[in-house]
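Student: Please take me through this model with short questions and answers. I would like the reasoning each time, then the result.

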Amino acid sequence: MDDILRTLNEKGVKLIAVSKKQPDEKILSLYERGHRAFGENRVQEFQEKFERLPKDIEWHMIGHLQTNKVKYIAPFVHLIHSVDSYRILKEINKQGKNANRVIPCLLQFKVAEEDTKYGLTLDEALSFIGQAEFSQLTHIEIRGVMGMATYTDDENQVRAEFRKLHAILETLKSKYFSSQDSFREISMGMSGDYLIAIEEGSTMVRIGSLLFGDRKQ
Ligand SMILES: *Cc1c(COP(=O)(O)O)cnc(C)c1O
């Protein structure tokens, strides 16, 4: 664990410790070492952990969100990594307004060759970002992109998929976000591929099992 923390620190890459299905003791032991950013993928578990764990934890939502559940996390979520439709983005904006805050978000893109259920294509994202209505979403702030590579030993394939995500960030930045300094995050890299992700420009890695051990089923 020390090696991972040291490497990320040296490279200036932010660690999101993925604590889904992990017991509180493990979260607290990392917390006691000064770590504050934790990631969860299910709304109910997310809410329960927020209620019972220290209030200065930054809670990151990394899993697919259903529209009817956004309201439960809107008051306290630090960053939503998994915005995979315009519909969900509009709902986050609505609940941000209700909670009287601007909610930071990343757009999740489908870059893996394997059949993954969730994630935008670049064309889908361009089609809504280009609409006038998009600029009226004043209770969300898009900070960058998120994606997952194919689960494979083929390092070249993983690298190519991360490059694709990096290129998507650059395209969006030059077309729509060139005046917004906070549009810069690339959330990519997990336990098995985070070193490649960092080489390809990741600014945030989401690591679970490598830090905490196997998850309970
Ligand atoms: C579970 C999960 C991770 C962490 O996976 P590990 O292989 O345990 O590091 C990262 N990102 C997302 C979206 C996840 O659901």
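Tutor: Strands here are DSSP runs of E, at least two residues long, numbered from the N terminus. The model is predicted.

Student: In which strand is Glu 40 found?

Tutor: Strand S2 covers residues 37-40. Glu 40 is therefore assigned by that DSSP run, and the strand in which Glu 40 is found is S2.

Student: Is Glu 40 buried or exposed?

Tutor: Buried means under 20% relative accessible area, and exposed means over 50%. Glu 40 has 0% relative accessibility, so Glu 40 counts as buried.

Student: Which residues of S2 lie on the side of the strand that holds Glu 40, and which lie on the other?

Tutor: In a regular strand the side chains alternate between the two faces of the sheet. Both faces of S2 are covered, and the four residues are all buried. Phe 38 is on the side of Glu 40, and on the other side are Ala 37 and Gly 39.

Student: Which backbone atom lies 3.4 Å from a polar atom of the Glu 40 side chain?

Tutor: Apart from neighbours within four places in sequence, Glu 40 is in contact with residues including Ser 19, Lys 20, Trp 59 and Ile 62. One of these contacts, Lys 20, supplies the atom at 3.4 Å: the backbone nitrogen of Lys 20.

Student: How many bridges join S2 to S1, and how many to S3?

Tutor: S1 (residues 14-18) runs parallel to S2, with Ala 17 bridged to Phe 38. S3 (residues 58-61) also pairs with S2 in the parallel sense, and there Ala 37 has Glu 58 as its bridge partner. The numbers are two bridges for S1 and four for S3.

Student: Which helices complete the β-α-β units on either side of S2 in sequence, and what is the hand of these units?

Tutor: Between S1 and S2 the unit includes helix H2, residues 24-32, and is right-handed. Between S2 and S3 the unit includes helix H3, residues 43-52, and is right-handed. The helices are H2 and H3, and the hand is right-handed.

Student: What share of the ligand's accessible area does the protein cover?

Tutor: The residues around the ligand include Val 18, Lys 20 and Ile 62. Polar side-chain atoms of Arg 206 and Arg 215 lie 2.9 Å from a ligand nitrogen and 2.8 Å from a ligand oxygen, respectively, and a polar backbone atom of Gly 208 is 2.8 Å from an oxygen of the ligand. Of the 390 Å² that the ligand has on its own, the protein covers 88%.

Key: Residues are numbered from 1 along each chain as its sequence is written. This is a predicted model: local features need pLDDT of at least 70, side-chain atom pairs count only at pLDDT 80 or more; totals for chains, interfaces and linings use all residues. Side-chain values use heavy atoms; hydrogens and water are left out. Buried means under 20% relative accessible area, exposed over 50%, partly exposed in between (1.4 Å probe, protein chains only). Two strands pair if DSSP finds at least two bridges between them. A crossover is right-handed if, with the strands pointing away from the viewer, the path from the first strand over the helix to the second runs clockwise. A residue is near a molecule or strand if one of its heavy atoms lies within 4 Å of it. A polar contact is a pair of N or O atoms within 3.5 Å; within protein, one must be able to donate a hydrogen and the other to accept it, and residues adjacent in sequence count only if both atoms are side-chain atoms. Accessible areas come from the Shrake-Rupley method with a 1.4 Å probe; for residues, only the protein chains shown count as cover. Contact means heavy atoms within 4.5 Å.
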